Amino acid sequence: MSELRPGYDPEADAGIIPLAPGLLLFTPAILLGNAASGLLQYPEVGAAVLFPPYAILTGALVLTARRDWIWYILLGAIAHFFTHWPQWTLTWVVLADVANIARALTAALLLHWAFGGPPRLESVWALGLFILGAVMVGPAVGATLGAADVMLHGGATTFWVPWRSWFMSNALTGLTLLPALVLTIAGAPSLWSRRIERRRILEAVLLTVALVVTCAVALLWRGRHAWHVALPLYSPLPVLIWAALRFGPAGASLALTAVAFGAIWAADRGTGPFAATGTDANILLLQVFLLLTTLPVLCIAAVNSGRHKVVQLYHALLASLHDHVAILDAHGIVLEVNDSWRRFADSAIVERFQRVGVGDDYVAACRSAAERGDTTAIRTLAGIQGVLHHESRRFEMEYDDEQDGRRERYALSLEALARPDGGVVVTRANVTARRQTLMQIEEQRRELSHLARVAVLGQLSGALAHELNQPLTSISSNAEAARRLLKRQPADLDELDAILGDIASEDQRAAQVIRRLRALLKRGETHLQPMDTRELLSEVLELAHAELITRRVTATALVARDLPPVLGDRVQLQQVFLNLIINACEAMNTTAAADRRLTLIANADARNNILISIRDFGTGIPSTLLERLFEPFVTTKPEGLGLGLSISRTIVAAHGGRLWAENNADRGATMYCLLSSGLLRRDGDTPTQPLTLESSPASISPPAHHSLAP
Amino acid sequence: MPLETSRSGHPIAVAIVEDEASVRVGLRRLCESLGLKATVYASGPEFIDSLAVGGDPPDCLLLDAHMPQMTGLEVHQHLVESGVLVPTLIYTADDAPEVEARYRASGVSGYLHKPLAGDLLLAAIQQAMPPA
């Protein structure tokens with residue numbers, strides 16, 4: 001729980017008070033403190049009930065940088081020296097000074113080590129560390145040296161009596177005055193920087209009045225009965241707890257200090273419950289009383305302050321969240337909502353079931369809206385019940401909502417609340433803008449992909465004209481031959497029939513070419529569908545056929561016979577492979593015509609992934625470009641734009657596949673495209689045989705007019 | 001229908017080298033309907049081989065410019081280099097002026113665009129052949 005990490009960091013040795021104002025504040029305080037320590041003393045050993053110089057010096061050390069400590073220690077020693085010299089002998093005073101310095105230094109070092117700066121008493125653990133350093137170890141060190149000093153100068157007969165009185169007075173000081181000083185001074189800057197509410201000032205004034213009245217009753221009122229002595233002792237307690245709960249450790253320790261000084265002042269004047277006998281034992285009783293009052297009050301203050309911090313953080317966290325947040329208990333009752341949720345629920349435009357606030361039953365609200373047929377409510381209800389019944393830890397959905405004629409998109413997420421009592425955190429975010437951006441990006445991607453496709457076709461235009469000219473030439477030759485045949489007598493009807501048959505089939509072929517071109521040129525939505533992988537690849541090779549001939553590239557296709565179907569968008573995948581084939585051809589521009597070979601290999605692995613590789617015998621890819629090749633505007637071609645491969649990779653990635661390049665060991669490069677099959681292998685099925693090329697090489701048959709086998 | 005004849009009085013023998021079957025058949029029919037005697041070959045090497053085994057060179061050679069293995073121009077150059085002098089026509093779908101210039105520079109007798117019109121083809125053949 002504690003954020004304390006004991007240890008001293010010399011780098012962070014800043015201190016919150018600089019030397020000059022520190023000394024200005026310290027000098028009058030230490031003089032006043034020394035004077036006040038003479039107020040009530042043990043008659044036997046001369047130790048005070050409360051020893052303010054200890055708190056003042058330790059407080060100064062805790063609040064300042066270590067390099068300045070020497071000044072406070074010197075000043076403190078001088079002030080103490082001249083308070084008691086020449087009443088005390090020189091060595092007595094000097095040794096008492098040494099004891100004072102050792103005590104303050106021990107406490108300050110321990111507090112620095114524990115808190116790394118001014119102590120913050122915001123948990124019992126922190127209070128424990130503070131007590132260990134400033135109330136136990138520091139005063140014990142001082143008491144040991146001080147008692148030795150007293151013994152040395154014959155001030156006491158036993159070591160224990162002066163030790164106890166020194167220890168008690170400093171422990172009491174460490175528990176009341178020290179936290180009051182340190183916490184007030186350390187907290188002062190944030191007090192100035194904030195505007196303090198008038199209600200809070202009024203409460204502080206009232207508390208002070210109440211404290212004065214109760215102290216007066218406790219210390220000054222003399223009753224006749226025994227209970228008149230005991231009862232008033234506890235009368236300040238409610239006021240002290242008030243201070244602890246409302247003003248934290250700083251307020252509590254200030255109030256406790258006031259009570260302590262009041263008690264000492266009264267006892268010194270011979271009034272109040274501790275003035276009855278005026279002996280060492282009586283002073284001890286006063287100290288024990290003050291210690292036992294202080295300890296629980298400070299504990300309450302520390303625990304409450306820690307809780308207050310957590311609650312403050314919790315509210316600040318909720319308020320800072322832009323999304324609408326509601327916390328439901330295990331039954332769906334709203335425990336807490338943040339400001340965004342409240343504002344959203346208060347706006348009249350939202351559906352009624354979303355207008356729930358703290359204390360409302362969200363599940364019931366959803367259910368009644370679901371019964372009216374609200375689809376959003378039906379889905380929300382199903383999600384909430386799933387999370388509430390521990391069927392899932394998380395539920396997410398998006399839905400559209402009409403508001404003022406505007407269509408808004410919301411993302412609702414339900415997350416199980418990680419606590420023993422269970423519950424759900426409901427988060428709702430308006431994702432209209434995000435979705436619009438995503439849609440724009442998708443639209444731009446499609447646009448770009450289309451442009452790239454058109455560019456690919458532009459590169460192929462000469463070859464495609466040839467592809468279209470072939471059937472046209474055949475048709476025109478046949479048609480003209482038929483016309484001339486018809487003029488002969490007798491006309492050869494069998495030949496005419498064969499001619500017309502050829503014309504019809506060549507016409508179909510031309511139409512097919514046009515259809516494919518149209519599909520590639522069209523801007524369309526993405527249509528994922530399973531398709532025959534062989535068919536896809538043979539179509540691509542047909543489209544590239546004329547280009548391959550023009551470039552004098554001999555293409556070989558080795559496609560496994562029982563290749564599973566691929567799930568994808570036909571046009572986009574054709575675009576990818578056309579692009580890869582054209583790139584491979586261009587890579588071989590400087591290769592001797594006889595060596596311009598392109599090999600396309602397609603096979604599937606045991607998990608029905610399809611690996612298609614396109615290998616060229618060109619110049620290969622410079623190693624510096626191998627990684628960046630798929631980035632936009634990176635190209636190896638002098639006239640290339642560098643978009644083809646980046647768009648191809650985007651397309652393949654959108655198909656859940658991978659596209660990468662490798663240089664071949666001998667020459668040229670190979671592009672690999674890994675695609676997942678539309679055919680999912682169920683567990684228990686025998687896996688598809690890994691297809692080795694040796695065992696089942698198969699040439700694609702449709703493009704019979706180009707070289708298919710090496 | 002009269003057959004187009006050469007100087008020797010025989011029908012003009014035309015060899016057609018075309019890699020694509022449907023075009024090959026179409027051109028053979030066209031030539032035959034024009035009264036020519038047409039022989040077809042699926043590739044340049046096939047035609048060259050036919051000469052090597054002692055076949056008579058045709059009166060006119062019709063070459064597709066765009067073929068795998070050997071382009072039309074390569075077939076023509078091969079014939080020129082090996083001393084076979086045949087009037088040669090090259091046809092292509094590519095109508096870029098620089099392509100035409102390249103073919104003309106190579107010494108072919110004629111250059112035709114696809115699709116081939118019968119009368120233009122006949123005129124080109126007659127023009128390509130040496131005058132009687």
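This is a guided tour of a predicted model, moving from chain B to the contact between the chains and then into chain A.

**Chain B as a whole**

Begin by selecting chain B and colouring it by secondary structure, which comes to five helices and five strands. If you follow the chain from its N terminus, the elements run β-α-β-α-β-α-β-α-β-α. Chain B has 132 residues, and 42% of them count as buried. Among the contacts in chain B with a separation of 6 or more, 59% are between residues 24 or more positions apart.

**The sheet of chain B**

Now select the strands of chain B, where five of them form an open sheet with parallel pairing, in the order β2-β1-β3-β4-β5. The edges are taken by β2 (37-41) and β5 (110-113) of chain B, each of which pairs on one side only. When direction is ignored, neighbouring strands of this sheet are turned against each other by 20 degrees on average.

For a closer view, select residues 13-17 and 60-64 of chain B, which are the strands β1 and β3; these run parallel and are joined by four bridges. Within this pair, show Ile16(B), which stands opposite Leu62(B) in β3(B). Then add residues 118-128 of chain B, the helix α5, which packs on the sheet and touches β1, β3, β4 (88-92) and β5 of chain B. The direction of α5 in chain B makes about 170 degrees with that of β5(B).

**Where the two chains meet**

Next, bring chain A into view and select the residues at the contact, where 25 residues of chain A touch 19 residues of chain B. On the chain A side, the helices to highlight are α16 (461-487), α17 (493-521) and α18 (533-550), each of which supplies at least two residues. Of the elements on this side of chain A, α16(A) gives the most, with 16 residues. Colouring the chain A side by residue class divides it into seven nonpolar, 13 polar and five charged residues.

**A helix pair in chain A**

Stay in chain A and select residues 198-220 and 237-268, the helices α8 and α10, which pack at an angle of about 35 degrees with their axes 10 Å apart. The crossing of α8(A) and α10(A) is right-handed. To see the contact itself, show side chains on both helices: the residues that α8(A) brings include Leu207(A), Leu211(A) and Cys215(A), while those of α10(A) include Trp242(A), Ala255(A) and Val259(A). By class, this contact of α8(A) with α10(A) has 14 nonpolar, two polar and two charged residues.

**The sheet of chain A**

Finally, select the strands of chain A that make up an open sheet of five, with the order β2-β1-β5-β4-β3 and antiparallel pairing. At the edges stand β2 (334-337) and β3 (394-403) of chain A, and because each has a single partner strand, one side of each is left without a neighbour in the sheet. The average turn between neighbouring strands of this sheet, with direction ignored, is 20 degrees.

Zoom in on β3(A) together with residues 406-416, the strand β4 of chain A, and you will find the two paired in the antiparallel sense over 10 bridges. Here Met397(A) has Leu412(A) in β4(A) as its bridge partner. As the last stop, select residues 339-346 of chain A, the helix α12, which packs on the sheet and touches β1 (324-328) and β2 of chain A. The direction of α12 in chain A makes about 100 degrees with that of β1(A).

Terms used: Residues numbered from 1 in each chain as written. Chains lettered and ligands numbered in written order. Predicted model: local features only at pLDDT ≥ 70, side-chain atom pairs only at ≥ 80, totals over all residues. Buried ≥ 20, exposed ≤ 12 C-beta atoms within 10 Å, placed from the backbone. Contact = placed C-beta atoms within 7 Å. Nonpolar A, V, L, I, M, F, W, Y, C, P; charged D, E, K, R; others polar. Axes fitted to C-alpha atoms, helices over the stretch in contact; angles between N-to-C directions. Left-handed = near helix turned anticlockwise from the far one by under 90°. Pairing = 2+ DSSP bridges.
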